[in-house]
Amino acid sequence: MVRFRDGHAMIPAEVGFMELNTYLHFDGTCDEAMTFYADILGGTIVSRLRFREMEDHSMVPEDRLDMVANMQLKIGDRTLMASDGMQPPKGGHSGYSLQLNLADLDEARRIFDALTRDGSQMMPFGPTFWARGFGMGSDRFGVDWMVNCD
């Protein structure tokens, strides 16, 4: 069973169901960033809605109409969501990191290198006392990542 609000499917209505998803806010680079993540992480873009495509976009500034209102990327059984928003994000991307945990060391290194290629590496990928491989860095969109291989 699914709950509906204003004709849109919300969440399954099972008792006790809860899902926590990450929602990123970009300033005009949402489409590029999410496509980048889909390519690197092997995900699938399942939806993309531009402000112009919304039934009522009267409150959206004219210069943002072609930006992404909502986008969803499915990676395994997880969903990464994002938007360009009706206004530029406050403070950019700070105060959090997206964390990936992989079993394959070579794949973890490949993903870390690809994510940080045009960004920065705060802690280069390598062995630690808790993992066979771990690295911290930022991608070219300013999103912080931690990649771990137990």
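Trainee: Which residues of α1 and α2 meet each other?

Mentor: In this predicted model, α1 brings Phe36, Tyr37, Ile40 and Leu41 up against Arg110, Ile111, Ala114 and Leu115 of α2. That contact divides into seven nonpolar residues, no polar ones and one charged.

Trainee: What makes Tyr count as nonpolar and Arg as charged?

Mentor: Tyr is on the nonpolar list along with Phe, Ile, Leu and Ala, while Arg belongs with Asp, Glu and Lys. Tyr37 in α1 therefore falls in the nonpolar group, and Arg110 in α2 in the charged one.

Trainee: Why are α1 and α2 called roughly antiparallel?

Mentor: Helix α1 (residues 30-41) and helix α2 (residues 105-116) pack at an angle of about 160 degrees. Angles over 145 degrees count as roughly antiparallel, so α1 and α2 are roughly antiparallel to each other. Their axes are 10 Å apart, and α1 passes α2 in a right-handed crossing.

Trainee: Now to the sheets. What makes β3 and β4 stand at the edges?

Mentor: Look at the order first: four strands form an open sheet as β3-β6-β5-β4, with mixed pairing. β3 (22-25) and β4 (44-50) each have a single partner strand, so one side of each is left without a neighbour in the sheet. On average, and with direction ignored, neighbouring strands here are turned by 15 degrees against each other.

Trainee: How do you know that β5 and β6 pair?

Mentor: Pairing takes at least two bridges, and five bridges join β5 (residues 68-75) to β6 (residues 78-83). Five meets that cut-off, so the two strands pair, and they run antiparallel. Ile75 has Arg78 as its bridge partner, and Met71 stands opposite Ala82. In the hairpin of these two strands, two residues lie between them, and Gly76 takes a positive phi near 65 degrees.

Trainee: What joins β4 to β5?

Mentor: Six bridges do, with the strands running antiparallel; Thr44 stands opposite Lys74 in β5.

Trainee: How does α1 run relative to β5?

Mentor: α1 lies across β3, β4, β5 and β6, at about 5 degrees to β5. An angle under 35 degrees counts as roughly parallel, so that is the word for α1 and β5.

Trainee: Which strands form the open sheet that includes β7?

Mentor: Four strands in the order β7-β10-β9-β8, again with mixed pairing. Its edge strands, β7 (98-102) and β8 (120-126), each pair on one side only. The twist from one strand to the next averages 10 degrees. Within this sheet, β9 (residues 133-138) and β10 (residues 144-149) pair in the antiparallel sense over six bridges, and Gly133 has Cys149 in β10 as its bridge partner.

Trainee: What does α2 touch on the sheet, and what angle does its direction make with that of β8?

Mentor: α2 touches β7, β8, β9 and β10, and its direction makes about 170 degrees with that of β8. Since roughly antiparallel means over 145 degrees, α2 and β8 therefore earn that description.

Trainee: What pLDDT does the chain average?

Mentor: The average is 90, and 89% of the residues score at least 70. Over residues 1-8, though, the pLDDT is below 50, and this stretch has 15 contacts in the model beyond near neighbours in sequence.

Key: Residues are numbered from 1 along each chain as its sequence is written. This is a predicted model: local features need pLDDT of at least 70, side-chain atom pairs count only at pLDDT 80 or more; totals for chains, interfaces and linings use all residues. Side-chain values use heavy atoms; hydrogens and water are left out. Axes are lines fitted to C-alpha atoms, for helices over the stretch in contact, and angles run from 0 to 180 degrees between N-to-C directions. Angles under 35 degrees count as roughly parallel, over 145 as roughly antiparallel, 65 to 115 as roughly perpendicular and the rest as oblique. A crossing is left-handed if the near helix is turned anticlockwise from the far one by less than a right angle, and right-handed if clockwise. Contact means heavy atoms within 4.5 Å. pLDDT is the predictor's confidence in each residue, from 0 to 100.
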